[in-house]
Amino acid sequence: GAARAEPFTVMETQVESSPVPTPTGWNDRVVAAAPATAPVRANRLRDECIQALGLEAFNEAFQYLLRVRDSSSESEKEVKKHLNSLIGADRVKKYGLTMDQLVYEQLMSK
């Protein structure tokens, strides 16, 4: 007979209840994906950006974003202007949010 695929199981993680009630009241359980999911997703997003921008442009824009997001040294207007000069306005519109997600994930993993 044909092999049957195992069903996908969502893991439940217990977390401390918040002392402040949430609007839904569902503050004692969090449904989380497997721990390996985030790095796999980050790698996929990084590869997508590198393929679209090229390695050199990606690295330059990523390092710039990492520096300014970590220090909050520039306004959003200045950040967007500088990114536009690095990779172009059309690419900022298409990949800017993805790059910000990658930067955020890296800053949170420090």
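User: Which residue forms a salt bridge with R69, the closest N and O atoms being 2.5 Å apart?

Analyst: This is a predicted model, in which local features need pLDDT of at least 70 and side-chain atom pairs count only at pLDDT 80 or more, while totals for chains, interfaces and linings use all residues. Residues are numbered from 1 along each chain as its sequence is written, and side-chain values use heavy atoms, with hydrogens and water left out. A salt bridge here is a side-chain nitrogen of Lys or Arg within 4 Å of a carboxyl oxygen of Asp or Glu. With its closest N and O atoms 2.5 Å apart, the partner of R69 is E76.

User: Is E76 buried or exposed?

Analyst: Buried means under 20% relative accessible area, exposed over 50%, and partly exposed in between, using a 1.4 Å probe and protein chains only. R69 has a relative accessible area of 24% and is therefore partly exposed. For E76 the relative accessible area is 52%, so E76 is exposed.

User: Which residues are joined with R69 into one network by salt bridges that share partners?

Analyst: The side chain of R69 also meets that of D100 in a salt bridge, at 2.9 Å from N to O. Because R69 lies in helix α2 (residues 55–71) and D100 in helix α4, this pair ties together parts that are 31 residues apart in sequence; helices are DSSP runs (H or I, at least four residues), numbered from the N terminus. Through shared partners, the residues joined with R69 into one network are E76 and D100.

User: How many residues apart in sequence are the parts that E105 and R41 tie together?

Analyst: The side chains of E105 and R41 meet in a salt bridge of 2.9 Å, N to O. Since E105 lies in helix α4 (residues 89–108) and R41 in helix α1 (residues 37–53), the parts they tie together are apart in sequence by 64 residues.

User: Which residues of α2 make the contact with α1?

Analyst: α1 and α2 pack at an angle of about 120°, with their axes 7 Å apart, where axes are lines fitted to C-alpha atoms over the stretch in contact and angles run from 0 to 180 degrees between N-to-C directions. Contact means heavy atoms within 4.5 Å. On the α1 side it is made by R46, C49, I50 and L53, and on the α2 side by L55, A57, F58 and F62.

Methods: Helix = DSSP H or I, 4+ residues; strand = E, 2+ residues; numbered from the N terminus.
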